[in-house]
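Here is a short briefing on one protein chain. Look over the sequence and the 3D view first, then work through the points below.

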Amino acid sequence: MADNTRKAINSEINGAAGAPQVHDSAHLHVSGGATYTDDIPEPRNCLHAAIGTSTHAHATIKNIDLSAVLEAKDVIAVIKACDIPGKNDYGAVVEDDPILASDLVQYLGQPVFAVAARTVDAARRAALLAEIEYEDLELIVDPLSALKKKSFVLPSEKINTGDSTKGLSNSNHRLSGRVFLGGQDQFYLEGQIAMAIPKEDGDFLIYSSTQHPSEIQHAVAHAVNKRAKDVVVECRRMGGAFGGKESQPALIACVAALLSQKTQTPVKLRLDRDADMIITGKRHDFVIDYDVGFDEQGQLQGIALTYTSRCGMSADLSGAINDRAMFHADNAYYLENATITSHRCKTHTVSNTAFRGFGGPQGMFGIEYVMDEIARYLKLDPLDVRKSNFYGIDTRNVTPYKQVVEDNIIHELVEQLELSSEYRTRRRDIRQWNKTSQILKRGIALTPVKFGISFTATHLNQAGALLHVYTDGTVHLNHGGTEMGQGLFTKVAQIVAQELQIDIDNIKITASDTSKVPNTSATAASSGTDLNGMAALDAARIIKERLRRFAADHFKVAPGAIEFGNNNVQVGERSVPFEDIVKLAYMARVSLSTTGFYSTPKINYDRATFSGRPFYYYAYGAAVSEVIIDTLTGEMRVLRADILHDCGKSLNPAIDLGQIEGGFIQGMGWLTTEELWWDGQGSLKTHAPSTYKIPVCSDVPVDFRVEIMQSVANREDSIHRSKAVGEPPLMLALSVFHAVKDAIANVNDNQTSPLLNAPTTPEAILESIYEMRSRGRISGNSTL
């Protein structure tokens, strides 16, 4: 009996940490049963809202006439800035983001008023009837114009390490240049939406599609002139977010709450795709200038990088985003003598905001472009130049912001991928193939990723969890993270299942709710599982220890004789079902509910000096991409992608693999097809699927090989020694950009380096080829 019991205890539970557990909502996603904010049954008499927006990019408002709006069919209420009883601001960091513009508009599409009507259609039609008189002001649309006019949302910043001036002047070779890097719309499948329900005594329940329920709670409370205790925000899931639902949903929730407060009726605000893209922020676009000195092997001797970003009309999250761009301007490379300058430009366009990577991808883009330029100048394989500049293990291992890289695995990871992908052989074969193909050209590139994990704002690196155990042995789990399809809820449930040694089917995952777990940080910075998983683990351990002490006392055995496993509790030689232990503990009046908490250790950061340890650890990865371009049309296809990514000791290989694949494809879209374009009047012209092209299934590489690096646990004490996987894979797509650049260089038999900006649309590819022709350097056998 004892032997059989012990065998059962040691059996694997269903859904343990490390298992490829299916996403908790997968069956609901594919059957249409998953409830998103718009699927929540609307209360009786629920009104629908629409936002009236500015038709000028920078102007003073001389007069607003909303009489036609109020008189429109089924319209119940209209609000302007003067109708807001509390604070007319939803700025995440700086109070410079009005909910509704009062006397000044600063981008075309800025909210000016809002209307509530009985139907969605009535509200949207009425919002078009306003008569607003404007007086135009000087307009700044692009970041270079803003830089010239010293128009900034925040002061410029600089990181210095070593002596870049001396390094540059004493270098063997020197190059300088400029590259333009486009932005990206989050294009989440579920648009921005909120529903505000008035409760007794002026309180509110807000359903919001948001990554940051606590921020929604505070923004709404400030707008309606209430306190945080008076507002509850709930979010069960989002249909995608990618950073676009970190600060931006506050505007939507505030408008819904203000109209609800005025009408004392539930109000839902759901933006359509065009309005969503026009009103809300995107990934920052950058102009990157570089001046670099290097030796015969391409090793850097000095470098100056200047990142000029278009922040839009307000600060939003631009401070932290541009800081992170600076922190990732090194990527995986040791910069001994470097100056990294960041300009945060104010333009009369929508305020740009968080997007997967949060500035890190833009920072990496700059240094990867430099590495490629050095290699083409020296006529070396770009991979060799990259490898010669990698961070070292015991030396050459300090970042420009003075953090020591203690967990460097980039050498072995790249070496493994280089061999498994047959990079060298394929590169040689592609060169030969290109010599025989006049119209079609192929290119290949291998690029690395080193991405820092933690919020750079140290205080945000904390999380809470709530755990109830019911008398039938089932568990109610809640924490401060939000689910946007990335599998966070599944992973955290696996962590609890592992600790309590019960099947994951016994755990109910519940909606993020500010009344259950307060003061949460945004689910962002790839830290969702690191933070909330640890908080849930803390709660599970507290419950487990209570049950252990109770069982030891009840059965008169030593606490060390109590072992949890396979839905049972081993008490000496006796095996008791987990459910029975819970019932006994309840009868003995043992608390079966608790909270858990976690704060990330070791991190510290002095922003005044841009130095310290802002990151708990780094996640690594590398990708090899092979592309083919048509030199007559500019069309491009990714033929093959080989990816090797570091997830530490993966909590869920199935979910992690999906994150790697999805991140790569999203990054590929950013760098190849997704073009944001404003005209000279500040009007965004790419605001629908007809003009803004995200990757589709046919864009996935024909040959797509993705692997998780095995047997490399996180050296830091993260949750089960795993590593974050939300953002880092996006930057693997830098290999696609450089493969395209390599293909274009083959048009001229690699005699010169093409000038190529991102995204590499067909127009950009043709422009790059034509630019080489204008320099007169395309070989005579070219057809162009």
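The chain has 20 helices and 29 strands. Keep in mind that this is a predicted model. The points below start with the whole chain and then turn to single residues.

**Overall form**
- A compact globule of 784 residues would have a radius of gyration near 28 Å. The chain has 28 Å, so it agrees with that expectation.
- The C-alpha trace spans about 90 × 75 × 50 Å along its principal axes.
- Many contacts link distant parts of the sequence. Take the contacts between residues at least 6 apart in sequence: 80% of them join residues at least 24 apart.

**Surface and charge**
- Of the 784 residues in the chain, 62% are buried.
- The chain exposes about 29,000 Å². Carbon and sulfur atoms supply 49% of that area.
- The chain carries 78 positive and 94 negative charges. The mean positions of these two sets are 2 Å apart.

**Cysteines**
- How many disulfides does the chain have? The count is zero.
- Cys82 is in no disulfide. Its nearest cysteine sulfur belongs to Cys254 and lies 17 Å away. A disulfide needs the two sulfur atoms within 2.5 Å, so this pair does not qualify.
- Is Cys82 buried or exposed? Its relative accessible area is 63%, and the cut-off for exposed is over 50%, so Cys82 is exposed.
- Cys697 has a relative accessibility of 72%, so this cysteine also counts as exposed.

**Helix α10**
- Helix α10 covers residues 318–327. This helix is mostly covered, with nine of its ten residues buried.
- Which residues of α10 are buried? They are Ser318, Gly319, Ile321, Asn322, Asp323, Arg324, Ala325, Met326 and Phe327.
- Charged residues appear in that buried list, including Asp323 and Arg324.

**Ala493 and its surroundings**
- Ala493 sits in helix α15, which runs over residues 488–500.
- Is Ala493 buried or exposed? Its relative accessibility is 0%, and buried means under 20%, so Ala493 is buried.
- What does Ala493 touch, leaving aside residues up to four places away in sequence? The answer is Leu477, Ile504, Ile507 and Ile509.
- Ser753 is 260 residues from Ala493 along the chain. The C-alpha atoms of these two residues are separated by 50 Å.

Notes. Residues numbered from 1 in each chain as written. Predicted model: local features only at pLDDT ≥ 70, side-chain atom pairs only at ≥ 80, totals over all residues. Heavy atoms only, no water. Helix = DSSP H or I, 4+ residues; strand = E, 2+ residues; numbered from the N terminus. Rg over C-alpha atoms; globule rule 2.2 N^0.38 Å. Buried < 20%, exposed > 50% of the residue type's maximum accessible area, 1.4 Å probe, protein only. Contact = heavy atoms within 4.5 Å. Areas by Shrake-Rupley, 256 points an atom, 1.4 Å probe, with all protein chains shown as cover. Charge placed at Lys NZ, Arg CZ, Asp CG, Glu CD.
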